[in-house]
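Biologist: Hi! Could you walk me through this one while we both have it on screen?

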Amino acid sequence: MHEFHLPDMTCGHCASKVNVTLKLIDPACEIQLDLPRQLVSVKSGEEREALVEALTEAGYPPR
């Protein structure tokens, strides 16, 4: 399970874009979003760096 703090994820539209971005990288991944805390947890077979790169390219760089 990978956990990311995404300070730029501020609304439902942002959360939806994060979800779509992660599903494009790994369609079988399981995602839990905590919008108030700006956290996303991802259960995926993909490497953490691949997920970080995809999130960053989508405009939601993890910090």
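**Strands, charges and a turn**

Modeller: Happy to. In this predicted model, Glu30 stands opposite Lys43 in β3.

Biologist: Which strand is Glu30 in?

Modeller: Glu30 belongs to strand β2.

Biologist: And what is the relative accessible area of Glu30?

Modeller: The value for Glu30 is 49%, so Glu30 counts as partly exposed.

Biologist: How far is Glu30 from Tyr60, C-alpha to C-alpha?

Modeller: Those two C-alpha atoms are separated by 18 Å, with their positions 30 residues apart along the chain.

Biologist: Back to the strands. How do β2 and β3 run, and how many bridges join them?

Modeller: β2 and β3 run antiparallel, and five bridges join them. One of the pairs is Gln32 with Ser41, the latter in β3.

Biologist: What do β2 and β3 form, and how many residues lie between them?

Modeller: They form a hairpin with four residues between them. Gln38 sits in that turn, with a positive phi of about 55°, although Gln38 is not a glycine.

Biologist: OK, what about salt bridges? How many does the structure hold?

Modeller: There is one salt bridge in the structure. Arg37 forms this contact with Asp34, and the closest N and O atoms are 3.4 Å apart.

Biologist: Why would two such side chains pair at all?

Modeller: Side chains of opposite charge can pair when their charged atoms come close.

Biologist: Are Arg37 and Asp34 buried or exposed?

Modeller: Arg37 counts as exposed, because its relative accessibility is 56% and the cut-off for exposed is over 50%. Asp34 is partly exposed, with a relative accessible area of 24%.

Biologist: Let's switch to β1. Where do the side chains point there?

Modeller: The side chains alternate along β1, residues 2–5. His2 and Phe4 point to one face and are buried, while Glu3 and His5 point to the other and are not buried.

Biologist: Why would they alternate?

Modeller: In a regular strand the side chains alternate between the two faces of the sheet.

Biologist: Which residue in β3 does Glu3 stand opposite?

Modeller: Glu3 stands opposite Ser41 in β3. Ser41 is also the bridge partner of Gln32. As for cover, Glu3 is partly exposed, with a relative accessible area of 47%.

Biologist: How far apart are the C-alpha atoms of Glu3 and Val42?

Modeller: They are separated by 6.3 Å, although Glu3 and Val42 are 39 residues apart along the chain.

Biologist: And how many bridges join β1 to β3?

Modeller: Four bridges join β1 to β3, and the two strands run antiparallel. Among the pairs, His5 has Leu39 in β3 as its bridge partner.

Biologist: With β1 and β2 both paired to β3, how many of the residues of β3 are buried?

Modeller: Four of the five residues of β3 are buried, so β3 is largely enclosed by the rest of the structure.

Biologist: What about the helix side? Where does Val18 lie?

Modeller: Val18 lies in helix α1, residues 12–25. Its relative accessibility is 1%, so Val18 counts as buried.

Biologist: How far is the C-alpha atom of Val18 from that of Val40?

Modeller: The separation is 8.6 Å, and Val18 and Val40 are 22 residues apart along the chain.

Biologist: New topic: the surface. Which residues form the negative patch?

Modeller: The negative surface patch is formed by Glu46, Glu47, Glu49, Glu53 and Glu57.

Biologist: Where is Glu46 found?

Modeller: Glu46 is in the loop between β3 (39–43) and α2 (48–57), and Glu47 has its place in the loop between β3 and α2 as well.

Biologist: Are Glu46 and Glu47 buried or exposed?

Modeller: Glu46 is partly exposed, with a relative accessible area of 32%. Glu47 counts as exposed at 60% relative accessibility.

Biologist: One last thing: how far apart in space are Glu47 and His2?

Modeller: They are 9.3 Å apart, C-alpha to C-alpha, and 45 residues apart in sequence. His2 is one of the buried side chains of β1.

Biologist: Lovely, thanks for the tour!

Note on methods:
Residues are numbered from 1 along each chain as its sequence is written. This is a predicted model: local features need pLDDT of at least 70, side-chain atom pairs count only at pLDDT 80 or more; totals for chains, interfaces and linings use all residues. Side-chain values use heavy atoms; hydrogens and water are left out. Patches are made of residues with over 30% relative accessible area and no salt bridge: like charges are joined within 9 Å, nonpolar side chains (Val, Leu, Ile, Met, Phe, Trp, Tyr) within 5 Å. Accessible areas come from the Shrake-Rupley method with a 1.4 Å probe; for residues, only the protein chains shown count as cover. A salt bridge is a side-chain nitrogen of Lys or Arg within 4 Å of a carboxyl oxygen of Asp or Glu. Lys and Arg count as positive and Asp and Glu as negative; His and the chain ends are not counted. The place of a charge is taken as NZ of Lys, CZ of Arg, CG of Asp or CD of Glu. Buried means under 20% relative accessible area, exposed over 50%, partly exposed in between (1.4 Å probe, protein chains only). Two strands pair if DSSP finds at least two bridges between them.
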